[in-house]
Amino acid sequence: MHPREWSGQGNSGRYTAVRILICPDKFAGSIDAVPAARAIASGWRATNPADDLVERPLSDGGPGFVDVLASALNGRDVIVDTVDPLGRPAKATIHVKGSTGYVESAHACGLHLLAPSDRDPKRTTSYGLGLLILAAIEHGATRVVIGLGGSAVNDAGAGMLAALDAAPLDAAGYALPYGGAALTAAEGLTGTPRIRGAELIAATDVDNPLTGLHGASAVYGPQKGADREDVFLLDRALERFGTLLQGLPTAPPGLAALPGAGAAGGIGAAILALGGHCESGIGLVTRLTGLPEALDAAELVVTGEGSFDHQSLRGKVVAGVAAGARDRGLPCVVLAGRVSTGRREAAAAGVTETYSLVDFFDGDEQAAMARPADGLAALAGRLAGQYSR
């Protein structure tokens, strides 16, 4: 039965509960996936309290990665000291489940941690991520999964390596300052990074190489504050540092050109050089959160993200959810901050309907950004009234 046929109280005159799967991504710059799912669920319950709601917030490795996994894995959350992209003291959360630690680069290197005027990838550092990796190892992790995404850095993991006792040096043997620009003078490392034999896994859906036209600096540098000249400088710097990384005994051949080497400003290359590997962030999250099984049991899927546009249908979280719903013959509704995808294109991807927070707030984008939970709850309440049987 198509959900549009569900209405009223049915033939028996009694309401029949519907099993709803709620699995949004983050709404970038506005609300993370876990509170977004909670807001949708609360709005739905206010209208249809008898429905069976299953919350499975999602992430592709970027901001919200640790919170999403913590909500599903029920391991230990540990609050640790770290630094932000400018080296200022900060707090972050790691999640430990058994011998695996889950770490989020955005907690220490996230673009959202900086005011627009402070965004400068020539000087921002991934040092804080190295501290998070060390903390995970200190708390018993022999396998560290690192969510990569939403970073403010472009230093190819040089700061991360410095925190792991392998700081980049200049020709005179002095440690280089923070930031990607300084790597133009990199000549060596203080030693071999110390990770106590831990396995490192980069969770990312970025497949860019380290350098070149499709590399970290050219593709992602501008959104981090780099101008055209900065991009050329940073690309040269990463090319030079990539040569040093290639010299590590655990680095795979052709490191700089490997898919994922350019993730998070080149942090992917440093993880690969340490003998780690890249894994699909959304693939890992969907597996660990049990999304396939939840889809199998659902009757209706509600997902969402900040901007539902043409990029959403090219490998992002919502596209994967919609495809899974389509394959099971399930209706899939998208609640987004803004919607710019055409109905036909969305339908072909498995999306049944779309709703926009900006439209809900009568075109007021600032209100949509400032009050996403209120808007999602209200939209979910309206939706629940339509999808009832």
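**View 1. The open five-stranded sheet, with its strands in the order β2-β1-β11-β12-β13 and parallel pairing.** In this predicted model, the edges of the sheet are taken by β2 (52-55) and β13 (353-356), each of which has a single partner strand, so that one side of each is left without a neighbour in the sheet. From one strand to the next, the twist averages 25°. Strand β1 (residues 19-22) and strand β11 (residues 300-308) run parallel and are joined by three bridges, and the bridge partner of Leu 21 in β11 is Val 301.

**View 2. Helices α1 and α15 against the parallel sheet.** Helix α1, formed by residues 33-47, lies across β1, β2, β11 and β12 (332-339), and runs at about 175° to β2. Helix α15, formed by residues 372-386, lies across β11, β12 and β13, and its direction makes an angle of about 145° with that of β13.

**View 3. The surroundings of Ser 356 in strand β13.** Ser 356 has a relative accessible area of 8% and is therefore buried, the cut-off being under 20%. A polar atom of the Ser 356 side chain lies 3.3 Å from the backbone oxygen of Gly 337, and a polar atom of this side chain lies 3.1 Å from the backbone nitrogen of Val 358. When neighbours within four places in sequence are left aside, the residues in contact with Ser 356 are Ala 336, Gly 337, Arg 338, Val 339 and Leu 379.

**View 4. The open six-stranded sheet, in which the strand order is β3-β4-β5-β6-β9-β10 and the pairing is mixed.** Here β3 (76-83) and β10 (277-279) stand at the edges, and because each has a single partner strand, one side of each is left without a neighbour in the sheet. The twist in this sheet averages 30° from one strand to the next. Strand β4 (residues 89-97) runs antiparallel to β3, to which eight bridges join it; the bridge partner of Asp 81 in β4 is Lys 91.

**View 5. Helices α2 and α9 against the mixed sheet.** Helix α2 (residues 65-73) lies across β3, β4, β5 (100-104), β6 (143-147) and β9 (199-203), running at about 145° to β5. Helix α9 (residues 281-289), for its part, lies across β5, β6, β9 and β10, and runs at about 65° to β10.

**View 6. The salt bridge between Asp 84 and Arg 88.** The two side chains meet with a distance of 2.7 Å from N to O. Asp 84 is buried, with a relative accessible area of 7%, whereas Arg 88, at 35% relative accessibility, counts as partly exposed.

**View 7. The salt bridge between Arg 143 and Glu 199.** The closest N and O atoms of this pair are 3.8 Å apart, and the pair links distant parts of the chain, since Arg 143 lies in strand β6 and Glu 199 in strand β9, 56 residues apart. Arg 143 is partly exposed, with a relative accessible area of 23%, and Glu 199 is likewise partly exposed, with a relative accessible area of 36%.

**View 8. Further salt bridges, among the 15 that the structure holds.** Glu 279 and Arg 287 form a salt bridge in which the closest N and O atoms are 3.2 Å apart, and Arg 287 is partly exposed, with a relative accessible area of 48%. A network of salt bridges links Asp 120, Lys 122, Arg 123 and Asp 230.

Note on methods: Residues numbered from 1 in each chain as written. Predicted model: local features only at pLDDT ≥ 70, side-chain atom pairs only at ≥ 80, totals over all residues. Heavy atoms only, no water. Pairing = 2+ DSSP bridges. Helix = DSSP H or I, 4+ residues; strand = E, 2+ residues; numbered from the N terminus. Axes fitted to C-alpha atoms, helices over the stretch in contact; angles between N-to-C directions. Contact = heavy atoms within 4.5 Å. Buried < 20%, exposed > 50% of the residue type's maximum accessible area, 1.4 Å probe, protein only. Polar contact = N/O pair within 3.5 Å; in protein donor to acceptor, adjacent residues only side chain to side chain. Salt bridge = Lys/Arg side-chain N within 4 Å of Asp/Glu carboxyl O.
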